[in-house]
Amino acid sequence: VGTTITLKLSGLHCSSCSLNIDSELEDLPGVIAINTSYAKQESIITYDPALTGPAHFTPIIEKLGYKVL
């Protein structure tokens, strides 16, 4: 199974922004599932806490030009 968190985001302008975040984070070891919603300005991430966690997600999202609130 895994742990699921919801990250509130800002700066997403379109559905391509959501896809950018999803494609970057799904490459991280330990990320089981990710669904970023442009409309809701949030990412729902399921991950294995033994391998990764929110401290790894935020820098990747911010490197792409979005903010984690």
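Start by selecting Phe57, Ile60 and Ile61 in helix 2 of this predicted model: these three residues are buried. Now look down the axis of helix 2: its buried residues fall within an arc of 100°, so they line one face of the helix. Next, turn to the face pointing away from that buried side, and you'll find Ala55 and Lys63, which are exposed.

What covers the buried residues of helix 2? Show strand 1, helix 1, strand 2, strand 3 and strand 4, since the cover includes each of them. Before moving on, pick glycine 65, which follows helix 2 and has a positive phi, near 105°.

Time for the sheet. Color its 4 strands and read them across in the order 2-3-1-4; the sheet is open and the pairing is antiparallel. Strand 2 (31–37) and strand 4 (67–68) sit at the edges, each pairing on one side only. Strands of a sheet pair through backbone hydrogen bonds, either parallel or antiparallel.

Zoom in on strand 2 and strand 3, an antiparallel pair joined by 6 bridges. Which residue of strand 3 stands opposite threonine 36? Select serine 43 and there's your partner.

Now bring the helices back. Helix 1 (residues 15–25) lies across strand 1 (3–10), strand 2 and strand 3, and runs at about 170° to strand 2. Helix 2 (residues 54–63) packs on the sheet too, touching strand 1, strand 2, strand 3 and strand 4, with its direction at about 30° to that of strand 1.

Next stop, the inside. The largest nonpolar core has 17 residues, and the ones to highlight are Leu7, Leu9, Ile21, Leu25, Ile45, Phe57 and Ile61, which touch the most other members. Strand 1, helix 1, strand 2, strand 3 and helix 2 each supply at least two residues of this core.

Keep leucine 7 selected and show its surroundings. Leaving aside residues up to four places away in sequence, leucine 7 touches Gln41, Glu42, Ser43, Ile45, Phe57, Ile61 and Val68. You've already met Phe57 and Ile61 among the buried residues of helix 2.

Last stop: threonine 46, in strand 3 (residues 42–47). Is threonine 46 buried or exposed? Its relative accessibility is 19%, and buried means under 20%, so threonine 46 counts as buried. Show its side chain together with that of threonine 4, and you'll see a polar contact of 2.9 Å joining them. Finally, select what threonine 46 touches beyond four places away in sequence: Gly2, Thr3, Thr4, Gly30, Val31, Ile32 and Ala33.

Key: Residues are numbered from 1 along each chain as its sequence is written. This is a predicted model: local features need pLDDT of at least 70, side-chain atom pairs count only at pLDDT 80 or more; totals for chains, interfaces and linings use all residues. Side-chain values use heavy atoms; hydrogens and water are left out. Buried means under 20% relative accessible area, exposed over 50%, partly exposed in between (1.4 Å probe, protein chains only). A polar contact is a pair of N or O atoms within 3.5 Å; within protein, one must be able to donate a hydrogen and the other to accept it, and residues adjacent in sequence count only if both atoms are side-chain atoms. Contact means heavy atoms within 4.5 Å. Two strands pair if DSSP finds at least two bridges between them. Axes are lines fitted to C-alpha atoms, for helices over the stretch in contact, and angles run from 0 to 180 degrees between N-to-C directions. The arc is that of the directions from the helix axis to the C-beta atoms. A nonpolar core is a set of buried Ala, Val, Leu, Ile, Met, Phe, Trp, Tyr and Cys residues joined through side-chain atoms within 4.5 Å.
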